[in-house]
Amino acid sequence: PSDRSRPVHPPCAMAMAGAGGPRSPLPLLLALALLSPWGTVAGGTCPTRCICASNILSCSRVALSVVPSPLPRFAAVLDLSHNNVSRLRADWTPGRLAHLHALLLSHNGLSFVSTEAFAHVPHLRHLDLSSNRLRVLEENLFSDLSELEVLLLYNNEISTVDRTAFENLNRLRKLYLGQNRIARFPLELLRDGSRLPRLALLDLSANNLRSLPVGELQALPAWLRDRLYLHNNPLACDCQLFQLVARGRRRGLSAVMDFQEELRCSMPAAPAPVAILALEGRAPLNCSEAQEAVLEAHLGDNVALSCDTRLRGVRSRHWVTPGGERVLEEGGNGSAALLANGSLQLRALRPEDTGVYTCWVAGPLLNETLYVELLVHNFTLHGPHDTLNTAYTTLVGCILSVVLVLIYLYLTPCRCCCCRGTEKPPAPRDDSINSSVLSATPNHATGVPGEPSRSRSASPTGPGQNGRFKVGGTPQVPPRHLKAQRKVSDPDSVSSVFSDTPIVV
């Protein structure tokens, strides 16, 4: 058939018309394929009902029941939100998507995710599985996502979280588990900091948590306590919970300051939950604000942390270490032991002893909590301030010595120019020192220029005042026309030890 009978894309037809006549469209089709990011040469075609812009693939709100296939292998962002993809199998993408870093699957009614579903997207950094119907996080579900940084799982039906579900997520910074059915706090995610070492935000709000491991939460780093969201949980009221929230308010933590009204707990006789911060002085708990102290020590020291309570008639007390271990009255715990006065004794301090120690005191009418933050410095004899003071003192002493030497050498007093004409006659040499002790140049020239100078011998008359020998004779007055000759010093002058220039007193 002729070229006119062939189906030609409108841009191709326009290009041929502009060229002045019919010709083969093959070069133009190849050029368009090279220019289009979704051409076969570039790595795939744009799926039907999806919008493609550069490396972004948006298939949102198009009533998909399965993930479209094939997907362009260079896609970096894949948005499949607001569809009907209820199951994410291992073969949802047959090829490896090495460039994909964001996958959005929210609002899909998703109820099943295969443990191998993320094997083809190893460089994923943002995964959104929120607002679905997930109930269980299976074993090693996200173990293939070693580069994942943000994981959104809020607004699901999650009630069971396997202990290994978040294994290998060494770069995860934000984990959102709010609005689920979690009844047990996943303390193993935070206890030693080895499972999620970079975690900076954990959202557990609006779940079914009724109790919290308060002692362990107090020992968390400050940067994580600031982003631990626990509001809108059916927590049981107690003074430990009050102390945890009150301490966060006193330190201005955003997880407390931004959700003070939502941080509520249930009282046994109260018809409705009450604000946790309203428990202070309220019967029957009568909780009180906690006291805090800071104690500094060095490696190997023995210290006693005081539990200086204001309560009288204390019924019981115990300490909780930064690692969450309890030290009771009846005995010690390793290197920690409870003394008779309620203090906690720590022997042979180690670097891992650093942290916040909590003393819980139960009184007849009031309970009290005291916090002692122990800082163990990594040196044994002197603190950094002593070292700094010694170095500073030495430096100042050296600078002052140099300044004094410079003043001594270059700022010596000299005779004024107007007095040179009326020069005083030389004084007798009886009480003057002949030459500098350390200088190789004699203080007073005695010979004729060009001849070597001869040293004078001491008079045999014996030592004079202060053990000095009196030298006989009178020095010769040097001629005035010899400018290079040195002037005779006064009887009471002393030559500089460091310079051959005399200092005139």
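This passage describes the disulfides of a predicted model and the surroundings of one helix residue.

The model is predicted, and local features were accepted at pLDDT of at least 70, side-chain atom pairs only at pLDDT 80 or more, while totals for chains, interfaces and linings use all residues. Residues are numbered from 1 along each chain as its sequence is written, and side-chain values rest on heavy atoms, with hydrogens and water left out.

The structure contains 4 disulfides, a disulfide being a pair of cysteine sulfur atoms within 2.5 Å. Such a link is a covalent bond between the sulfur atoms of two cysteines. One of the 4 joins Cys 46 to Cys 52, with an S to S distance of 1.8 Å. The torsion about this S-S bond is about 90 degrees, so the disulfide of Cys 46 and Cys 52 is right-handed. Cys 46 has a relative accessible area of 29% and is partly exposed; here buried means under 20% relative accessible area, exposed over 50%, and partly exposed in between, with a 1.4 Å probe and protein chains only.

Another disulfide links Cys 50 and Cys 59, with an S to S distance of 2.0 Å. Its torsion about the S-S bond is about 110 degrees, so the link of Cys 50 and Cys 59 is right-handed. Cys 50 is buried at 12% relative accessibility, and Cys 59 is buried with a relative accessible area of 0%.

Cys 237 and Cys 265 also form a disulfide, in which the sulfur atoms are 1.9 Å apart. This link is right-handed, with 95 degrees about the S-S bond. Cys 237 lies in the loop between strand S14 (235-236) and helix H5 (239-250), and Cys 265 lies in strand S15 (residues 264-266), so the disulfide ties together parts that are 28 residues apart in sequence. Helices (H or I, at least four residues) and strands (E, at least two) are DSSP runs, numbered from the N terminus. Both Cys 237 and Cys 265 are buried. A further cysteine, Cys 398, is partly exposed, with a relative accessible area of 44%.

Val 214 belongs to helix H3 (residues 214-218). Val 214 is buried, with a relative accessible area of 5%. When residues up to four places away in sequence are not counted, Val 214 touches Gln 240, Leu 241, Leu 244 and Trp 360, where contact means heavy atoms within 4.5 Å. Val 214 and Leu 244 are 30 residues apart in sequence, and their C-alpha atoms are 6.8 Å apart in space.
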